Amino acid sequence: MEKLFCIALVSGLVVAVFLGRGQAAFTAALSAADEAVTLSLGLIGACALWGGLARMAEGAGLSRALARWLRRPLGMLFPGTKPGDAGREAVATAMSANLLGLGNASTPLGIAAMKALGDSACPCDADTFWLISASALQVLPTTVIAMRQAAGAQNAADILPVCIIASLVSTLVAIVIRPRGGPCKR
């Protein structure tokens, strides 16, 4: 991928210089770099805010309560896991973080869930978890709201209903197309 990116960059610069637009290309690159730094700083603040709120919710037991609420539906989606085992608990915790829109914070939880599902009695469980995680199931899209805020949107959260609907549809599609069956050993 790095080679492809380098080829595209160098060929674009060569064409810009050949067409007499080298200065414009250089100015555009510097301007984009400046905007990227500004956006990154805004996202760092938002990630710190939501990460702190997530820690507070975890301390207050909200994450555990949400994970408990998810246990029964997860039993149907992950037949190789049993109530209380490490795989189901890891999946419940990762999905509760995803529901709250804590994408960056849920990544380590998702990795832990995939490792725990590697020991599952049903080989389809890890595939199902991957599909549902990739469908971006979330009630509060905090990263998207933070990016819109950093970009200067008047009302950064006005996309909330559309994001929730898109999230539900993509997750339902992931559940419908998930692999089923296989030699589950219970």
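I started at serine 167, whose backbone oxygen lies 2.8 Å from a polar atom of the threonine 171 side chain. A reminder to myself: this is a predicted model, and I am reading it as such.

**Threonine 171**

I looked up where threonine 171 sits, and its place is in helix α8. Is threonine 171 buried or exposed? It is buried, because its relative accessible area is 7% and the cut-off for buried is under 20%. I then checked what threonine 171 touches beyond its neighbours within four places in sequence, and found Ile132, Ser135 and Leu137.

**Helix α6**

Ile132 turned up again when I went through α6, where it is among the buried residues. The others buried there are Cys124, Asp125, Ala126, Thr128, Phe129 and Leu131. I noted that alanine 136 follows α6 and has a positive phi, near 60°.

**Arginine 178**

Next I moved along to arginine 178, which lies in the segment after α8 (160-177). How far away is the nearest side chain of opposite charge? That side chain is aspartate 125, 7.3 Å away. Side chains of opposite charge can pair when their charged atoms come close. Arginine 178 has no salt bridge, though it is buried. I did find a partner for its side chain elsewhere: it reaches the backbone oxygen of isoleucine 175 at 2.9 Å. Setting aside residues up to four places away in sequence, arginine 178 touches Met76, Leu77, Thr128 and Leu131. Two of those names, Thr128 and Leu131, I had already written down as buried residues of α6.

**Salt bridges**

How many salt bridges does the structure hold? I counted one. It pairs arginine 148 with aspartate 158, and their closest N and O atoms are 2.6 Å apart. Arginine 148 is in helix α7 (residues 142-150) and aspartate 158 is in the loop between α7 and α8, so the pair ties together parts 10 residues apart in sequence. I also looked at how open the two partners are. Arginine 148 is partly exposed, at 25% relative accessibility. Aspartate 158 is partly exposed too, with a relative accessible area of 44%.

**Nonpolar core**

I turned to the largest nonpolar core, which has 20 residues. Which of them touch the most other members? They are Leu74, Phe78, Val91, Met95 and Phe129. The elements giving two or more residues to this core are α3 (62-77), α4 (86-99), α5 (103-117) and α6 (124-134). The most comes from α4, with six residues. Phe129 was a familiar name, as I had it down as buried in α6.

**Cysteines**

I looked for disulfides and found zero. I still checked two cysteines for burial. Cysteine 6 is partly exposed, with a relative accessible area of 43%. Cysteine 124 is buried, at 12%.

**Leucine 43**

My last stop was leucine 43, in helix α2 (residues 22-60). How far apart are the C-alpha atoms of leucine 43 and aspartate 85? They are separated by 36 Å, and the two residues are 42 residues apart along the chain. What leucine 43 does touch, not counting residues up to four places away in sequence, is Thr143, Ala146 and Met147.

Definitions and conventions. Residues are numbered from 1 along each chain as its sequence is written. This is a predicted model: local features need pLDDT of at least 70, side-chain atom pairs count only at pLDDT 80 or more; totals for chains, interfaces and linings use all residues. Side-chain values use heavy atoms; hydrogens and water are left out. A nonpolar core is a set of buried Ala, Val, Leu, Ile, Met, Phe, Trp, Tyr and Cys residues joined through side-chain atoms within 4.5 Å. Buried means under 20% relative accessible area, exposed over 50%, partly exposed in between (1.4 Å probe, protein chains only). Helices (H or I, at least four residues) and strands (E, at least two) are DSSP runs, numbered from the N terminus. Lys and Arg count as positive and Asp and Glu as negative; His and the chain ends are not counted. A salt bridge is a side-chain nitrogen of Lys or Arg within 4 Å of a carboxyl oxygen of Asp or Glu. A polar contact is a pair of N or O atoms within 3.5 Å; within protein, one must be able to donate a hydrogen and the other to accept it, and residues adjacent in sequence count only if both atoms are side-chain atoms. Contact means heavy atoms within 4.5 Å. A disulfide is a pair of cysteine sulfur atoms within 2.5 Å.
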